[in-house]
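Subject: Structure handover

Hello,

Here is the structure we talked about passing on. Please open it alongside this note.

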Amino acid sequence: MNSDIRCATCPAMKMTGRARFTGNNSHMALPRGDCFCNHPDAHSAFEMVCPRSPRMARFIGYTKGSSDKPNIKTAPKWCPRKMMAKPMEISKIQALQVIETRKPRGLFFVVGQVVTGIDNRTGDAWTEDFTTKRECLKWLKDYSREGDA
């Protein structure tokens, strides 16, 4: 399955502003702009995937030239839409955080003595234990299709 999640086409991507014209960017039609993700789960997703990052939460990137779209080809690894589409492995501490706070939404699994699958796409944090990772991923895939039907 080809995942075609791109910030440039996402309705949650917003350009918040542009830099001022200076001598360094006077050759450009417009100075670069700042692009942020306004998805409701973007901040919690960023904090979970990049807990010690010095970058601003929800920051996607800068625009290039006179474009209003970010200069990246796909989406960052903390993209909330990616988390909804593909299961992500997380730690036990992160799993407890997802179960307690119900954020961020998405499909997750934890590998330990048993493999625990967490479906938090709707904010309900459904969990199930499995003996193998393969069984867990199959459950998450099948369970997510049931919810869409």
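Below is what was found in it, from the whole chain down to single residues.

Please keep in mind that this is a predicted model.

**Overall**

The chain has 149 residues, and 36% of them count as buried. Its secondary structure comes to four helices and seven strands. Starting at the N terminus, the order of elements is β-β-α-β-α-β-α-β-β-β-α. Along the principal axes, the C-alpha atoms fill a box of roughly 60 × 30 × 20 Å. The exposed surface is about 9600 Å², with 52% of it from carbon and sulfur atoms. Among contacts in the chain with a separation of 6 or more, 41% join residues 24 or more positions apart.

**The sheet**

Four strands form an open sheet in the order β4-β5-β6-β7. The pairing is mixed. β4 (88–89) and β7 (126–130) are the edge strands, each pairing on one side only.

β5 covers residues 107–111 and β6 covers residues 115–119. These two strands run antiparallel, over five bridges. V110 has T116 in β6 as its bridge partner.

β6 also pairs with β7, again in the antiparallel sense and over five bridges. Here D119 stands opposite W126 in β7. The β6 and β7 hairpin has six residues between its strands. Look at G123 in that hairpin: its phi is positive, near 90°.

**The cores**

The largest nonpolar core has 15 residues. Which of them touch the most other members? They are C37, F46, I60, A75 and W78. Two elements give two or more residues each to this core: β2 (33–37) and α1 (42–49). Another core lies apart from it, with 10 residues, including A45, I90, F108 and V110. V110 is thus worth a second look, as the residue bridged to T116 in β6.

C37 deserves its own view. Leaving aside residues up to four places away in sequence, C37 touches A12, A42, R58, I60, W78 and P80.

**Helix α1**

The buried residues in α1 include A42, S44, A45, F46 and M48. Their cover includes β2, α2 (80–85), β4, α3 (92–101) and β5. F46 is among the residues with the most contacts to other members in the largest core, while A45 belongs to the other core.

**Helix α3**

Q94, A95 and V98 are the buried residues of α3. They lie on the same side of the helix, because their arc around the axis is only 105°. An α-helix has 3.6 residues a turn, so residues three or four places apart point the same way. The buried residues of α3 pack against α1, β5 and β6. On the face turned away from the buried side, α3 carries the exposed residues K92, I93 and E100. R102 follows α3 and has a positive phi, near 65°.

**A12**

A12 sits in the segment before β1 (13–18). Is A12 buried or exposed? Its relative accessible area is 13%, under the 20% limit, so A12 is buried. Its contacts are F36, C37, N38 and H39, not counting residues up to four places away in sequence. Compare N24: A12 and N24 are 12 residues apart in sequence, yet 30 Å apart in space, C-alpha to C-alpha.

**Cysteines**

How many disulfides does a search of the whole structure find? The search finds zero. C7 and C79 are the pair to inspect. The cysteine sulfur closest to that of C7 is in C79, at 5.7 Å. That is too far for a bond, because a disulfide needs the sulfur atoms within 2.5 Å. C79 is likewise in no disulfide, and its nearest cysteine sulfur is that of C7. C7 is buried, with a relative accessible area of 7%. C79 also counts as buried, at 7% relative accessibility.

**Where to start**

I would begin with C37 and its contacts, A12 and W78 among them. Then turn to α3, with Q94, A95 and V98 on its buried side. Finish at the β6 and β7 hairpin, with G123.

Best wishes

Notes:
Residues numbered from 1 in each chain as written. Predicted model: local features only at pLDDT ≥ 70, side-chain atom pairs only at ≥ 80, totals over all residues. Heavy atoms only, no water. Pairing = 2+ DSSP bridges. Core = buried A, V, L, I, M, F, W, Y, C linked by side-chain atoms within 4.5 Å. Buried < 20%, exposed > 50% of the residue type's maximum accessible area, 1.4 Å probe, protein only. Contact = heavy atoms within 4.5 Å. Arc of directions from axis to C-beta. Areas by Shrake-Rupley, 256 points an atom, 1.4 Å probe, with all protein chains shown as cover.
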